Amino acid sequence: MARHFKTDLEAVMTRDPAATSKFTVFFTYSGFKAIRRHRRANWFYRHGLHGMARFIAQRTKKKTGVEIHPGATIGEGVFIDHGMGVVIGETAEIGNNVTIYQGVTLGGTGKQKGKRHPTVGNNVMIGAGAKVLGAINIGDNSKIGAGSVVLKDVPENSTVVGVPGRAVRVLGEKVDDLDQNKLPDPVLEEFKRLNDRIAVLEDMLNVHACRYSISNDNQFINSDNMTEKKDET
Ligand SMILES: CC(C)(COP(=O)(O)OP(=O)(O)OC[C@H]1O[C@@H](n2cnc3c(N)ncnc32)[C@H](O)[C@@H]1OP(=O)(O)O)[C@@H](O)C(=O)NCCC(=O)NCCS
């Protein structure tokens, strides 16, 4: 526990420009307090004293707004900025020098048992409100954008944003052409299926309404008005 103390404190000092003194961090930073208390709870958990571990974790949640299951594995120099609303599940594993902002969930999808929470590599940044769900791996040096929902593995040195999470940078390079097979968008896929079915029905009824849709690869249009417009161009 004590061996992590210095690195945890240094992590806040180096990564939060607003941190003015170690004294302030120690006494007022809820994220720092949550990590310190988690290390204590985790010690009890590893020694089979689950009741005591749970008690500390629940008190920590009350004091800081951060809920970390005592079984979660947390590396050195992890910094939870602001704290409030962070939830970290039992089988989550977090590497070294990770930064987590408020409102982040490292949770399960509700469909898995056993190892069901994410494994986060070293030097990862997880933006405010991001949800990282399931037994997935977040590669070293990656960034998860604020508000993202990540359900698939993230390679090293990548940036993932959006719902569901899409890689916008891999190895520091911008990804222009997203590979939808690797990062599927279930809602868009469903729209595509519905559009295909509507098109078949319209053909059967010989009704040709506007078929413009963001989900169509060729955003074709078929109503009388729209056909004219299309012809003009
Ligand atoms: C994702 C993030 C880390 C930037 O990473 P980056 O690798 O430098 O990526 P870029 O800024 O080059 O952005 C790449 C693309 O993703 C978009 N993007 C960035 N962050 C996004 C987000 N959170 N949600 C959706 N899209 C986002 C950018 O607009 C850009 O799109 P473009 O290629 O069409 O221009 C940053 O935007 C972010 O979300 N940080 C979280 C910080 C935070 O939570 N702060 C809380 C402080 S209280």
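**Parallel sheets and a ligand shell**

Five strands make up an open sheet in the order 1-4-7-10-13, and their pairing is parallel. Strands here are DSSP runs of E with at least two residues, helices are runs of H or I with at least four residues, and both are numbered from the N terminus. Two strands count as paired if DSSP finds at least two bridges between them. At the edges of this sheet lie strand 1 (67-68) and strand 13 (149-150), each of which pairs on one side only.

The model is predicted: local features need pLDDT of at least 70, side-chain atom pairs count only at pLDDT 80 or more, and totals for chains, interfaces and linings use all residues. Residues are numbered from 1 along each chain as its sequence is written.

Within the sheet of 5 strands, strand 7 (residues 105-107) runs parallel to strand 10 (residues 131-133), and 3 bridges join them. Thr-105 stands opposite Lys-131 of strand 10. Strands of a sheet pair through backbone hydrogen bonds, in either the parallel or the antiparallel sense.

Another open sheet has 4 strands in the order 2-5-8-11, again with parallel pairing. Its edge strands are strand 2 (73-74) and strand 11 (137-138), each pairing on one side only. Strand 8 (residues 119-120) is joined to strand 11 by 2 bridges, and the two run parallel. Here Val-120 faces Ile-138 of strand 11 as its opposite residue.

Strand 14 has both kinds of pairing. With strand 12 (residues 143-144) strand 14 runs parallel, over 2 bridges, and Ile-144 stands opposite Val-160. With strand 15 the pairing is antiparallel, over 4 bridges, and Thr-159 stands opposite Arg-169. Strands 14 and 15 form a hairpin with 4 residues between them, and Gly-162 in the turn has a positive phi of about 95°.

The ligand brings this hairpin back into view. Of the 14 residues around the ligand, those that come nearest are Gly-127, Ala-128, Gly-145, Thr-159 and Val-161; a residue is near if its C-beta atom, placed from the backbone, lies within 6 Å of the molecule. Strand 14 (158-161) and strand 15 (166-170) are the elements that give two or more residues to this shell. By type, the shell holds 5 nonpolar, 6 polar and 3 charged residues, where Ala, Val, Leu, Ile, Met, Phe, Trp, Tyr, Cys and Pro count as nonpolar, Asp, Glu, Lys and Arg as charged, and the others, Gly among them, as polar.

Overall, the chain has 6 helices and 16 strands.
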